[in-house]
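Hello,

Here is the structure I promised to pass on to you. Please have a look at it first, and then read my notes below.

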Amino acid sequence: MTVPLSPALRRMAHHSRLFMAMPEELAAPLLAAARTVCYLRGDTIFRQGDTARFLHIVAGGWVKLCRIAPNGTEAVVGVFTNGQSFGEPVALRGAPYPVSAQAATDCTLIEVPSEALLGLIRSRPEAAISLLSATYLHLHALVSQIEQLKAQSGTQRVAEFLLELCPAGSEAATVTLPYDKTLIAGRLGMKPESLSRAFARLRAHGVVVRHISAAIASTTALRHLIAEDPGAAWTRAL
């Protein structure tokens, strides 16, 4: 379903990566051209190879980006939620999407036509600064993700994922897993069976996972686990 932006969604868009650094007079025409689209869990938002025509901001729910290899294997590239944007560089070039996007849960997206942003940049070149800022944040997140995959054990990656779900400043919390465990595994660069083993190992650190929730006895304990050298366990075993 497609509808114009409500005042509440306009405010949310202003706090997104794409618009947070953009003055109101530049953002206003883009938001006037934007639309709100609702997707059900499992819906395809765009497919790998489709021509990019919109920049997307998640207004509610979760979206996964994935790439399908020639052998049919799916690699999860990223998972996005409220206030996060994706597709900016590709949309500005009108190029084919290098990934597919799917609604990981029921979700609402704000879709900004790429032609509207291109027109604004031609008339007001300073608008490009906001796009560069959003691209930088994406790059920073990607570098952090690669560092996590290279430098942390699977159990540490799961611990950090759970810690990010906890309310700020909490010592103990029960959190709801935001999407299914298969997607969690893909997001963390793991197989589903490896994720299950990591959940089991985290019991020793005060984490109990039940279906769609995780009870965390101590966020401090998780932080200590994340800070450990992944090779320490091998050293202790010698």
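**A strand under cover**

Strand β4 (residues 54–60) is largely enclosed by the rest of the structure, because six of its seven residues are buried. Buried here means under 20% relative accessible area, with exposed being over 50% and partly exposed in between (1.4 Å probe, protein chains only). Strands are DSSP runs of E of at least two residues, helices are runs of H or I of at least four, and both are numbered from the N terminus.

Before I go on, please note that this is a predicted model, in which local features need pLDDT of at least 70 and side-chain atom pairs count only at pLDDT 80 or more, while totals for chains, interfaces and linings use all residues. Residues are numbered from 1 along each chain as its sequence is written, and side-chain values use heavy atoms, leaving out hydrogens and water.

Which strands pair with β4? One is β9 (residues 107–113), joined to β4 in the antiparallel sense over six bridges; here G60 stands opposite T108. Another is β7 (residues 85–86), also antiparallel to β4, over two bridges, with H56 opposite F86. Two strands count as paired if DSSP finds at least two bridges between them.

**Salt bridges**

The structure holds four salt bridges, each being a side-chain nitrogen of Lys or Arg within 4 Å of a carboxyl oxygen of Asp or Glu. I describe some of them here.

β9 comes up again in the pair R35 and E111, whose closest N and O atoms are 2.8 Å apart. R35 lies in strand β2 (residues 35–39) and E111 in β9, so this salt bridge ties together parts that are 76 residues apart in sequence. E111 is buried at 1% relative accessibility, whereas R35 is partly exposed at 29%.

R41 and D180 form another salt bridge, with 3.4 Å between the closest N and O atoms. R41 is in the loop between β2 and β3 (44–46) and D180 in the loop between β10 (173–176) and α7 (181–187), so the pair links parts 139 residues apart in sequence. R41 counts as exposed at 56% relative accessibility, and D180 as partly exposed at 31%.

In a third example, E74 meets K64, with the closest N and O atoms 3.0 Å apart. E74 belongs to strand β6 (residues 74–80) and K64 to strand β5 (residues 63–68), so parts 10 residues apart in sequence are tied together. K64 is buried, at 10% relative accessible area, while E74 is partly exposed at 40%.

Best wishes
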